[in-house]
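This report covers the surroundings of one loop residue and the packing of one pair of helices. The sequence and the model are shown first.

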Amino acid sequence: MRKLSYTAFCIATKREYGLNDEFQMTKNPTETFTLGHSPDPDDAFMFYAIAKDKIDLRGYRFEHRLEDIQTLNERAQRGELHISAISIHAYAYVADKYALLPCGASMGDGYGPLVVRKHPTPNVQRSTSNQEADACESLRSGTIAVPGKMTSAFLALQLFLGEFNFIVVPFDKIFDAVENGRADAGLIIHEGQLTYTRSGFEKIVDLGEWWKRKTGLPLPLGGNVVRKDIPLPVRRDISEIIRESIDYGLTHRDEAVAYSLAYARDMNAQLARKFIGMYVNEFTRDYGETGRAAIRKFLTDARDKGYLDVPIEVEFVE
């Protein structure tokens, strides 16, 4: 079977949903909403019940917009979509336009984005602190390919590393950038977190593991937001619908995973199931106090270190 490029893959999924590239406001915008999310297995799993009318949508209609996360972050800054998946990093810059939904989180609880390199180094047993010091020294001396400056992975790497040299590369081209020498290391998100070893790469640092050890909290990567110009009762309806869609997937896991396989680039069913299990969990149903604390800690630390230049305002639809 011919492998589609990521761009072609997005076009194909848009055709499946019958979508137009441009949003057209309906006569009654309180009944039809644009819903942006990534064409990835975890998002497909979360929104399966909505996409396939498995739950009561309460008279609302959702027009899916499938884009990579960097594009969704940029669209959120322009306020283009009613509802969207977004990086928690990017949320800091759109809090005036959007509120976080309490469901739909992608949290790495002791795992998360990886920094990888191509050539292994001698396996010398060292303490964790020495390993981190060596990793920082090595990474600062080279160039890192990153999937976007507004991604949470990029912000987490700034918190871990401080200042570093980087190039921005589409997330699915980062392995190539390291392979061909454009970068010395790559910041890996999505399925690459599970497939890097078979591509001949080695892990330098797991940012979710580092963050958990440092703070005791999960690493907040992504969430769902809804525009504040939508009436609050409708925002609450949307929140409940998305939570019910997540619950449906968790309750009908085999069915939802089977649907999600169409979006599992470079993953077999076993890896796709593992990836979904990593990022669709109890935090996805509701952040809870732990998840909310993790967001505030993540953004506040970034603000204190000068990586965010906006006030930290975290508002949930309650």
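## A buried loop residue

Ala92 has a relative accessibility of 10% and therefore counts as buried, the cut-off being under 20%. The model is a predicted one. Ala92 sits in the loop that runs between helix H4 (88–91) and strand E4 (98–100).

Leaving aside residues up to four places away in sequence, Ala92 is in contact with Leu299, Leu308, Val310 and Pro311. The C-alpha atom of Ala92 is also 7.1 Å from that of Glu313, although 221 residues separate the two along the chain.

## Packing of H2 against H10

Helix H2 (residues 41–51) packs on helix H10 (residues 232–251), with 7 Å between the axes and an angle of about 110 degrees. The two helices are therefore roughly perpendicular, a class that covers angles of 65 to 115 degrees.

H2 contributes Phe45, Met46, Phe47, Tyr48, Ala49 and Ile50 to the contact, and H10 contributes Ile241, Ile242, Ser245, Ile246, Tyr248, Gly249 and Leu250. Sorted by class, the residues of this contact are eleven nonpolar and two polar, with no charged residues.

## Helix H10

H10 has 20 residues, so at 1.5 Å a residue its expected span is 28 Å; the C-alpha atoms at its ends are 28 Å apart, in agreement with that value.

The buried residues of H10 include Ile241, Ile242, Ser245, Ile246, Tyr248 and Gly249, which also take part in the contact with H2. Val234, Arg235, Ile238, Ser239 and Arg243 of H10 are buried as well.

Definitions and conventions. Residues numbered from 1 in each chain as written. Predicted model: local features only at pLDDT ≥ 70, side-chain atom pairs only at ≥ 80, totals over all residues. Heavy atoms only, no water. Helix = DSSP H or I, 4+ residues; strand = E, 2+ residues; numbered from the N terminus. Buried < 20%, exposed > 50% of the residue type's maximum accessible area, 1.4 Å probe, protein only. Contact = heavy atoms within 4.5 Å. Axes fitted to C-alpha atoms, helices over the stretch in contact; angles between N-to-C directions. Parallel < 35°, antiparallel > 145°, perpendicular 65-115°, else oblique. Nonpolar A, V, L, I, M, F, W, Y, C, P; charged D, E, K, R; others polar. Expected span 1.5 Å × (residues − 1).
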